[in-house]
Amino acid sequence: MKLVIFTTCKPFEGDDAWRQEQAIKSWTLLEGMEKKIIIVGNDKGTKEICAKYNLIHESQVKNLSGIPYLHSMLEIGVKHTEPDDYLLWTNSDMIYYNDMIANILCFEDFKKVNNFKNFALIGGRFDWHNPKILKNL
């Protein structure tokens with residue numbers, strides 16, 4: 001069982017660059033569960049951020065005028081999963097902490113006991129406006 005995180009990014013320019021990098025860095029620091037991180041698309045800086053954090057770069061995605069189709073991105077995410085994996089689609093600026101891993105692991109026991117096959121785990125978002133680089137996530 002692993003967590004497969006996938007997203008598409010805005011071009012890595014200005015505030016979007018540091019905001020997205022801080023989020024992606026938080027994903028790489030998650031502990032307690034094997035994970036795979038996939039960045040979909042070819043916007044400016046995507047290839048470089050994937051190389052920097054050793055992420056999977058899926059550059060080819062079906063799109064309309066440069067906007068990726070959600071179904072195409074889901075197909076890419078599913079391609080990297082096995083039956084017991086958790087697939088997480090996220091915005092590229094979402095910071096995650098280990099409590100998310102703890103919640104998934106707790107749900108895993110519940111899922112087995114109740115024989116759940118088709119489900120979605122949904123989280124809430126807290127926006128923050130702190131324009132400084134996070135050093136210790």
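This note goes through a predicted model of one protein chain, point by point.

1. Overall make-up. The chain has 137 residues, and 38% of them are buried. Its secondary structure comes to 4 helices and 6 strands. Read from the N terminus, the order of elements is β-α-β-α-β-β-β-α-β-α. Take the contacts between residues at least 6 apart in sequence: 66% of these join residues at least 24 apart. The accessible surface is about 8,900 Å². Carbon and sulfur atoms account for 52% of that surface.

2. Strand E1. This strand spans residues 2-8. Is E1 mostly covered or uncovered? Mostly covered: 6 of its 7 residues are buried. E1 pairs with strand E2, residues 34-40, through 7 bridges. E1 and E2 run parallel. To find the register, start at Leu3, whose bridge partner in E2 is Lys35.

3. The other partner of E1. Strand E6, residues 86-89, is joined to E1 by 4 bridges. This pairing is parallel too. Two positions fix the register here. Val4 stands opposite Leu87, and Ile5 stands opposite Leu88.

4. The two faces of E6. Tyr86 and Leu88 make up the covered face. Leu87 and Trp89 make up the uncovered one. The pattern fits a general rule: in a regular strand, side chains alternate between the two faces of the sheet. Put this beside the register. Ile5 of point 3 stands opposite Leu88, a residue of the covered face. Val4 stands opposite Leu87, a residue of the uncovered face.

5. The first crossover. E1, helix H1 and E2 form a β-α-β unit, and the unit is right-handed. H1 covers residues 14-28. With 15 residues, H1 reaches 22 Å from first C-alpha to last. That is close to the 21 Å expected at 1.5 Å a residue.

6. What H1 packs against. The buried residues of H1 include Trp18 and Trp27. Ala17, Ala23 and Ile24 are also among them. So are the polar side chains to check in the viewer: Gln20, Glu21, Gln22 and Ser26. The buried residues of H1 pack against E1, E2 and helix H2, residues 46-53.

7. The two sides of H2. Which residues of H2 are buried? They are Thr46, Ile49, Cys50 and Tyr53. These four lie on the same side of H2, because they cover an arc of only 100° around the axis. The spacing follows from helix geometry: an α-helix has 3.6 residues a turn, so residues three or four places apart point the same way. On the other side of H2, Lys47, Glu48, Ala51 and Lys52 are exposed.

8. Around H2. The cover over its buried residues includes H1, E2 and strand E3, residues 56-58. H1 and E2 thus appear here as well as in the β-α-β unit of point 5. Just after H2 comes Asn54, with a positive phi of about 55°.

9. A lysine to look at. Lys111 sits in helix H4, residues 98-114. Is Lys111 buried or exposed? Lys111 counts as buried because its relative accessible area is 9%, and the cut-off for buried is under 20%. Leaving out residues up to four places away in sequence, Lys111 touches Asp84, Tyr86, Phe116 and Phe119. Of these, Tyr86 belongs to the covered face of E6.

Technical notes
Residues numbered from 1 in each chain as written. Predicted model: local features only at pLDDT ≥ 70, side-chain atom pairs only at ≥ 80, totals over all residues. Heavy atoms only, no water. Buried < 20%, exposed > 50% of the residue type's maximum accessible area, 1.4 Å probe, protein only. Pairing = 2+ DSSP bridges. Right-handed = clockwise from strand over helix to strand, strands pointing away. Expected span 1.5 Å × (residues − 1). Contact = heavy atoms within 4.5 Å. Arc of directions from axis to C-beta. Areas by Shrake-Rupley, 256 points an atom, 1.4 Å probe, with all protein chains shown as cover.
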